[in-house]
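I opened this notebook to keep track of what I looked up, entry by entry, for someone meeting the structure for the first time.

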Amino acid sequence: MPNARIVLLGTGTGLPDPDRAYTHLVWDGPGGPLLVDVGGESYRRLVAVGIDPQTLRGVILTHSHCDHINGLPALLFSLCLGGRSEPLPIYGLAPTLELAAGYVHAAGLEEWADVAEWRAIAAGDRLRLGEGLEVATALTAHSRPCIALRFTAPNLPAVCYSADTEPCPAVTELATGARLLIHEATVAEPFAGHTTPRQAGAVAAAAGVRQLVLVHFSPRWTMPVDQALAEVAASGFTGAAQVGCDLQSLALV
């Protein structure tokens with residue numbers, strides 16, 4: 001079985017805590033490394049977890065809220081300073097890429113932006129990215145167009161990432177049968193466009209996953225960690241559950 005992992009580069013909400021940056025992560029396995037969303041210091045965080053940012057094989061932007069794309073200009077700037085000339089595919093919904101490209105140009109990085117290779121995708125697409133890696137997408141229920149992701153690769157368990165969403169059938173369907181579900185848990189009470197820990201547990205139970213990791217979470221703004229895990233248990237989910245931490249590595253075995 002190949003070595004593979006998901007690394008949570010950040011696990012916080014749009015209001016970061018001292019130990020939680022904006023939520024973004026990296027697939028470090030066949031077809032990768034593949035960065036999902038770009039927090040404000042993604043280059044440094046990749047280095048901190050032992051991944052050379054120059055080896056990135058792509059970026060997927062789930063949606064256009066600034067806590068998910070604001071680090072893109074700095075990432076491209078650092079990659080170019082580090083000598084990268086190979087195009088970096090950046091995947092996302094067309095409205096997401098349009099706004100992200102605007103960020104890059106607003107930063108005055110036109111001469112540095114040539115490394116970016118913008119690739120618009122549609123919700124429901126399946127990206128085949130090399131070495132057998134496939135990333136399936138589904139439209140979430142959020143205040144801006146947003147895609148959830150499911151990673152599958154030969155001889156590895158499937159992983160689903162909800163991105164920002166309230167509970168919705170499309171994400172539950174995408175996660176069904178996956179071993180690991182990384183799901184947002186931003187709010188304490190049901191709120192349009194986001195999910196509570198109890199709701200995330202219900203999604204995990206309905207999808208039949210074995211492991212649930214909560215992200216886009218704040219002990220300050222959502223609820224204490226112990227309370228969040230109690231809420232997951234109250235949902236009826238009986239698998240392994242935890243609240244993710246920044247720079248946490250989730251081995252895929």
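Before reading any partners off the strands, I noted that two strands pair if DSSP finds at least two bridges between them. I also noted that the model is a predicted one.

**Entry 1: the sheet**

I looked up the pairing of β4 with β5 and found that strand β4, residues 58-60, and strand β5, residues 88-93, run in the parallel sense and share two bridges. Within that pairing, I60 has Y91 of β5 as its bridge partner.

I then followed the sheet outward and listed seven strands in the order β6-β5-β4-β3-β2-β1-β14, which form an open sheet with mixed pairing. The edges are held by β6 (116-121) and β14 (248-251), and each has a single partner strand, so one side of each is left without a neighbour in the sheet. From one strand to the next, the twist averages 20 degrees.

I also checked what packs on this sheet, and helix α3, residues 72-81, does so by touching β3 (34-36), β4, β5 and β6. The direction of α3 makes about 170 degrees with that of β5.

**Entry 2: the aromatic pair**

How many aromatic pairs does the structure hold? I found one. The ring centres of W27 and F151 lie 5.2 Å apart and their planes meet at 5 degrees; since planes under 30 degrees apart count as stacked, I recorded the pair as stacked. This pair links distant parts of the chain, with W27 in strand β2 (residues 24-28) and F151 in strand β9 (residues 147-152), 124 residues apart.

Are these two residues buried or exposed? W27 has a relative accessibility of 0% and counts as buried, and F151 is buried too, with a relative accessible area of 0%.

**Entry 3: the nonpolar cores**

I turned next to the largest nonpolar core, which has 30 residues, and noted that I6, W27, V135 and I182 touch the most other members. At least two residues of this core come from each of β1 (5-10), β2, β3, β5, β9, β10 (159-161), β11 and β12 (211-215). The largest share, three residues, is supplied by β9.

I looked up I6 separately and, leaving aside its neighbours within four places in sequence, found it in contact with residues including L25, V26, W27, V159 and I182. A second, separate core has 26 residues, among them V49, V59, I69 and L88.

**Entry 4: backbone details**

I searched the loops for backbone details and found a cis peptide bond joining G32 and P33, with omega about 5 degrees. P33 lies in the loop between β2 and β3.

D37 has a phi near 70 degrees, a positive value in a residue other than glycine, and sits in the loop between β3 and α1 (42-48). With a relative accessible area of 0%, D37 is buried.

Phi of L247 is likewise near 70 degrees, and L247 is found in the loop between β13 (240-243) and β14. L247 is partly exposed, with a relative accessible area of 37%.

**Entry 5: P190**

My last entry concerns P190, which lies in the loop between β11 (180-184) and α6 (197-207). P190 counts as exposed, at 59% relative accessibility. Leaving aside neighbours within four places in sequence, I noted that P190 is in contact with T196 and Q199. The C-alpha atoms of P190 and E166 are separated by 8.1 Å, although the two residues are 24 residues apart along the chain.

Technical notes:
Residues numbered from 1 in each chain as written. Predicted model: local features only at pLDDT ≥ 70, side-chain atom pairs only at ≥ 80, totals over all residues. Heavy atoms only, no water. Phe/Tyr/Trp six-rings, centres within 6.5 Å; stacked < 30°, edge-to-face > 60°. Helix = DSSP H or I, 4+ residues; strand = E, 2+ residues; numbered from the N terminus. Buried < 20%, exposed > 50% of the residue type's maximum accessible area, 1.4 Å probe, protein only. Contact = heavy atoms within 4.5 Å. Axes fitted to C-alpha atoms, helices over the stretch in contact; angles between N-to-C directions. Core = buried A, V, L, I, M, F, W, Y, C linked by side-chain atoms within 4.5 Å.
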